[in-house]
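Reader: I have just opened this structure and would like to know where its labels come from. Could you take me through the reasoning?

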Amino acid sequence: MISEEAWTLEPDREPDAEPTVYVMECAVCGEASDGSEDYSEGQSWVLKHCGKNPSHHTFREIITRPWRAWRHT
């Protein structure tokens, strides 16, 4: 008989978890902000990028969030 395993998956909020990092990327030219733990830094980058490139109006937010999984016995 094969036993089923139960797993749990959730964002890693342990003290030693990697930080969540935010990046904003221009969908027109592909340029991107530096990654930061503070999402507002990417938003500021977007406004500066728009100022330098008035025809660039579309952006995407890229979030890198650590996750953890563990098996229940």
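**How the labels are earned**

Author: Let's start with D12, which is buried, with a relative accessible area of 19%. Keep in mind that this is a predicted model.

Reader: What makes D12 count as buried?

Author: The cut-off for buried is under 20% relative accessible area. D12 comes in at 19%, so the label buried applies. As for its place, D12 is in the loop between β1 and β2. Its C-alpha atom is separated by 5.4 Å from that of P66, although the two are 54 residues apart along the chain.

Reader: And V46, is that one buried or exposed?

Author: V46 has 12% relative accessibility, and the limit for buried is under 20%, so V46 is buried. You'll find V46 in helix α1. From V46 to H56 is 10 residues in sequence and 9.4 Å in space, C-alpha to C-alpha.

Reader: Why is D34 called exposed?

Author: Exposed means over 50% relative accessible area, and D34 has 69%, so that label fits. D34 sits in the loop between β2 (21–26) and α1 (39–52). Its C-alpha lies 8.3 Å from that of Y22, with the two 12 residues apart in sequence.

Reader: Which residues gather with D34 in a patch of negative charge?

Author: D34 gathers with E37, D38 and E41 on the surface. Asp and Glu count as negative, which is why the charge of this patch is called negative. To belong to a patch, a residue needs over 30% relative accessible area; D34 has 69%, so D34 clears that bar.

Reader: What about A32, why is that one called partly exposed?

Author: Partly exposed runs between the buried limit of 20% and the exposed limit of 50%, and A32 has 37%, so A32 falls in that range. A32 is also found in the loop between β2 and α1. The C-alpha atoms of A32 and W45 are separated by 8.4 Å, and the two residues are 13 apart along the chain.

Reader: How do you know that β2 is mostly covered?

Author: Of the 6 residues in β2, 5 are buried. Each buried residue has under 20% relative accessible area, so "mostly covered" is a fair description of β2.

Reader: What makes β2 and β3 a pair?

Author: Two strands pair if there are at least two bridges between them. β2 and strand β3 (residues 59–64) have 6 bridges, so they pair, and they do so in the antiparallel sense. One example is M24, whose bridge partner in β3 is E61.

Reader: Why is the contact between R60 and E25 called a salt bridge?

Author: The rule asks for a side-chain nitrogen of Lys or Arg within 4 Å of a carboxyl oxygen of Asp or Glu. The closest N and O atoms of R60 and E25 are 2.5 Å apart, so the contact qualifies. R60 lies in strand β3 and E25 in strand β2, so the salt bridge ties together parts that are 35 residues apart in sequence. R60 has a relative accessible area of 40%, so R60 is partly exposed.

Reader: How many salt bridges are there by that rule?

Author: The count comes to 3. Another one of them joins R71 and E5, whose closest N and O atoms are 3.2 Å apart. R71 lies in strand β4 (residues 67–72) and E5 in the segment before β1 (6–11), so this pair ties together parts that are 66 residues apart in sequence. With 44% relative accessible area, R71 is partly exposed, and so is E5 with 48%.

Reader: How do you know that E14 and R68 meet in a salt bridge?

Author: Their N to O distance is 3.5 Å, and the limit is within 4 Å, so E14 and R68 pass. This pair links distant parts of the chain, 54 residues apart: E14 is in the loop between β1 and β2, and R68 is in strand β4. E14 has a relative accessible area of 38%, which makes E14 partly exposed. R68 is partly exposed too, with 28%.

Note on methods:
Residues numbered from 1 in each chain as written. Predicted model: local features only at pLDDT ≥ 70, side-chain atom pairs only at ≥ 80, totals over all residues. Heavy atoms only, no water. Patch = residues over 30% accessible without salt bridge, like charges linked within 9 Å, V, L, I, M, F, W, Y side chains within 5 Å. Areas by Shrake-Rupley, 256 points an atom, 1.4 Å probe, with all protein chains shown as cover. Charge placed at Lys NZ, Arg CZ, Asp CG, Glu CD. Helix = DSSP H or I, 4+ residues; strand = E, 2+ residues; numbered from the N terminus. Buried < 20%, exposed > 50% of the residue type's maximum accessible area, 1.4 Å probe, protein only.
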